[in-house]
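Me: I would like a close look at a single part of this model. Please keep it brisk and connected.

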Amino acid sequence: MHSDQYNYIPILMQLILAVGFVVGTIIISGKLGPRRSSASKDKNFECGIESVGNARVPFSVKYFLVAILFVLFDVEVIFLYPWAVNFKELGMEGMVKMVIFMSLLLVGFFYILKKKALEWE
């Protein structure tokens with residue numbers, strides 16, 4: 001076996017241990033756990049409130065739009081961390097690139113505000 005392949009053995013061992021622990025815990029809890037079934041246990045339960053009506057009620061598109069915008073801006077913030085860590089090494093070039101990046105991000109944010117995409121009715 002090549003010496004580079006030996007470096008992956010601890011990762012493989014950790015993966016096997018983690019999967020084995022999860023599978024073992026599920027099997028053991030299924031074997032040792034109580035099996036009591038009743039009509040009230042088999043009913044649908046939602047936050048302590050009795051279910052009324054159809055569960056297939058469509059959500060407003062605004063809900064999904066806000067969720068997508070949150071994920072978009074959250075991912076953009078992730079790009080700020082490596083830049084902040086390497087700020088001194090990047091120098092002025094890195095600063096200019098980040099100003100361009102942030103200005104494009106702000107243009108998108110102001111566009112969203114102009115379109116009133118974040119206003120909830």
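Which residues does the UniProt annotation "transmembrane region" cover? After that, look closely at helix H5, and place the rest of the chain around that part.

Reply: This is a predicted model. The UniProt record, an unreviewed entry, places "transmembrane region" at residues 6–28, 63–83 and 95–113. Helix H5 spans residues 87–114. Start there.

Take the surface of the part first. Phe87, Met92, Met95, Val96, Val99, Ile100 and Leu104 make a nonpolar surface patch. Its area is about 680 Å². Leu104, one of the patch residues, sits in helix H5. At 59% relative accessible area, Leu104 is exposed, since the cut-off for that class is over 50%.

Charge comes next. Side chains of opposite charge can pair when their charged atoms come close. A search of the whole structure finds one salt bridge. The partners are Lys97 and Glu93, with the closest N and O atoms 3.0 Å apart. Both residues lie in helix H5. They are four residues apart, about one turn of the helix. An α-helix has 3.6 residues a turn, so residues three or four places apart point the same way. Lys97 is exposed, with a relative accessible area of 51%. Glu93 is exposed too, at 53%.

Now the aromatic contacts. The count for the structure comes to five aromatic pairs. One of them joins Tyr63 and Phe64. Their ring centres are 5.4 Å apart and their planes stand at 80 degrees, so this pair is edge-to-face. Tyr63 is partly exposed, at 41% relative accessible area. Phe64 is likewise partly exposed, at 41%.

Phe73 and Phe109 form an edge-to-face aromatic pair as well. Their centres lie 5.8 Å apart, with 90 degrees between the planes. Phe73 belongs to helix H3 (residues 61–78) and Phe109 to helix H5, so the pair ties together parts that are 36 residues apart in sequence. Phe73 is partly exposed, with a relative accessible area of 21%. Phe109 is partly exposed at 29%. With Phe110, these two residues form one aromatic cluster.

Follow the chain between those helices. Phe79 is found in the loop between H3 and helix H4 (80–85). Phe79 counts as partly exposed, with 48% relative accessibility. Its C-alpha atom is 46 Å from that of Lys31, 48 residues away along the chain. The annotated span 63–83 is 95% helix and 0% strand. The end C-alpha atoms of that span lie 32 Å apart.

Last, the N-terminal side. Over the annotated span 6–28 the chain is 91% helix and 0% strand. Its end C-alpha atoms are 33 Å apart. Helix H2 takes up residues 9–32. At 1.5 Å a residue, its 24 residues should span 34 Å, and the end C-alpha atoms are 34 Å apart, which agrees. The number of buried residues in H2 is zero, so this helix lies largely in the open. Asn7 sits in the loop between helix H1 (3–6) and H2. Asn7 is exposed, at 53% relative accessible area. The C-alpha atoms of Asn7 and Ser38 are 52 Å apart, with 31 residues of separation along the chain.

Back to helix H5, then. It holds the salt bridge partners Lys97 and Glu93, and through Phe109 it is tied to H3.

Conventions: Residues are numbered from 1 along each chain as its sequence is written. This is a predicted model: local features need pLDDT of at least 70, side-chain atom pairs count only at pLDDT 80 or more; totals for chains, interfaces and linings use all residues. Side-chain values use heavy atoms; hydrogens and water are left out. UniProt positions are given in the numbering used here, feature names are shortened, and annotations may be inferred rather than shown by experiment. Helices (H or I, at least four residues) and strands (E, at least two) are DSSP runs, numbered from the N terminus. Patches are made of residues with over 30% relative accessible area and no salt bridge: like charges are joined within 9 Å, nonpolar side chains (Val, Leu, Ile, Met, Phe, Trp, Tyr) within 5 Å. Accessible areas come from the Shrake-Rupley method with a 1.4 Å probe; for residues, only the protein chains shown count as cover. A salt bridge is a side-chain nitrogen of Lys or Arg within 4 Å of a carboxyl oxygen of Asp or Glu. Buried means under 20% relative accessible area, exposed over 50%, partly exposed in between (1.4 Å probe, protein chains only). Rings of Phe, Tyr and Trp (its six-membered ring) pair if their centres lie within 6.5 Å; planes under 30 degrees apart count as stacked, over 60 as edge-to-face and the rest as tilted. The expected span of a helix is 1.5 Å times one less than its number of residues.
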